[in-house]
Amino acid sequence: MRIGELARRAGVSSRALRYYEEQGLLRPERRPSGYRDYGEQALATVRRIQLLLSAGLGTAVIAEILPCVPDDTTVLAPTCPELLDGLAEERARITAAMQRLAAARDILDSLIATGAPDPPAVRRDGAACRRAGAGQEM
C-alpha cells in the first residue's frame with residue numbers, strides 16, 4: 001500500500017510515517033517510480049510505534065524494542081532480556097515525572113481551594129484599609 005493509505009488506516013499523518021522511516025522504525029519497499037510501498041505488517045508496526053510513543057518512549061528506544069516484539073498479541077512483552085533494564089529505567093523516569101506532576105497538581109488544588117483574598121475595603125475618604133477582623137477597624 002502507498003503512504004497515504006497506510007496513514008489513513010493507521011490514523012497518523014504521512015509526515016509521521018516518513019519520520020518513522022528516517023528513524024529506522026519503518027522500512028518500506030520502493031517501487032521503480034520511487035514511491036514507498038508498505039506491506040500489511042506495516043500497519044501493526046505503526047500501531048506499536050504509536051503505543052510505545054504514548055508510553056513516553058523516544059524513537060531511539062523504540063528502535064531497539066521493535067525487533068524484540070514477537071507478534072501482535074504480545075505488544076509490550078520484549079523477548080530480548082537485555083532490554084529489560086532499559087525498560088525498567090524508562091518506567092522509573094515516567095514514574096518520577098508522574099510524581100512531579102501530581103505534586104504540581106496538589107499545589108494548584110491548594111491554591112484553588114484557598115481562593116482569592118477578599119479585596120481591601122474602601123473608607124469613605126477613598127483610602128484602602130483592611131477588613132474588620134484583620135487587626136484594623138474600618
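These legends walk through several close-up views of a predicted model. Residues count from 1 along each chain as its sequence is written, and side-chain values use heavy atoms, with hydrogens and water left out. Since this is a predicted model, local features need pLDDT of at least 70 and side-chain atom pairs count only at pLDDT 80 or more, while totals for chains, interfaces and linings use all residues.

**View 1. The whole chain has five helices and four strands.** Helices here are DSSP runs of H or I with at least four residues, strands are runs of E with at least two, and the numbering starts at the N terminus. Going along from that end, the order is α-α-β-β-α-α-α-β-β. Of the 138 residues in the chain, 24% are buried. Buried means under 20% relative accessible area, exposed means over 50%, and partly exposed is in between (1.4 Å probe, protein chains only).

**View 2. Arg9 reaches Glu5 within helix α1.** The two form a salt bridge, and their closest N and O atoms are 3.7 Å apart. To count as a salt bridge, a side-chain nitrogen of Lys or Arg has to be within 4 Å of a carboxyl oxygen of Asp or Glu. Why can these two meet? Arg9 and Glu5 sit four residues apart in α1 (residues 3–10), so about one helical turn separates them. Both are partly exposed: Arg9 has 29% relative accessibility, and Glu5 has 36%. Add Glu40 and you get a network of salt bridges linking Glu5, Arg9 and Glu40.

**View 3. Two other salt bridges join Asp37 to Arg31 and Asp106 to Arg105.** The general idea is simple: side chains of opposite charge can pair when their charged atoms come close. For Asp37 and Arg31, the N to O distance is 3.6 Å. Asp37 is partly exposed at 27% relative accessible area, and Arg31 is partly exposed at 33%. For Asp106 and Arg105, the N to O distance is 3.9 Å. Asp106 is partly exposed too, at 45%, as is Arg105 at 48%. The count for the structure comes to seven salt bridges.

**View 4. Arg2 sits over the ring of Tyr35.** The charged end of Arg2 is 4.1 Å from the ring centre. The rule asks for NZ of Lys or CZ of Arg within 6 Å of the ring centre and within 35 degrees of the ring normal.

**View 5. Helix α5 carries a nonpolar patch.** α5 has 31 residues and reaches 45 Å from first C-alpha to last, close to the expected 45 Å; that expected span is 1.5 Å times one less than the number of residues. Ile107, Leu108, Leu111 and Ile112 make a nonpolar surface patch of about 440 Å². Patch members have over 30% relative accessible area and no salt bridge; like charges are joined within 9 Å, and nonpolar side chains (Val, Leu, Ile, Met, Phe, Trp, Tyr) within 5 Å. The areas come from the Shrake-Rupley method with a 1.4 Å probe, and for residues only the protein chains shown count as cover. Ile112, in α5 (residues 84–114), is exposed at 65%. Just after the helix, Gly115 takes a positive phi of about 70°.

**View 6. Cys80 lies in the loop between α4 (59–65) and α5.** Is this cysteine buried or exposed? Cys80 counts as buried, at 15% relative accessibility. Cys80 and Ile65 are 15 residues apart in sequence, and their C-alpha atoms are 8.3 Å apart in space.
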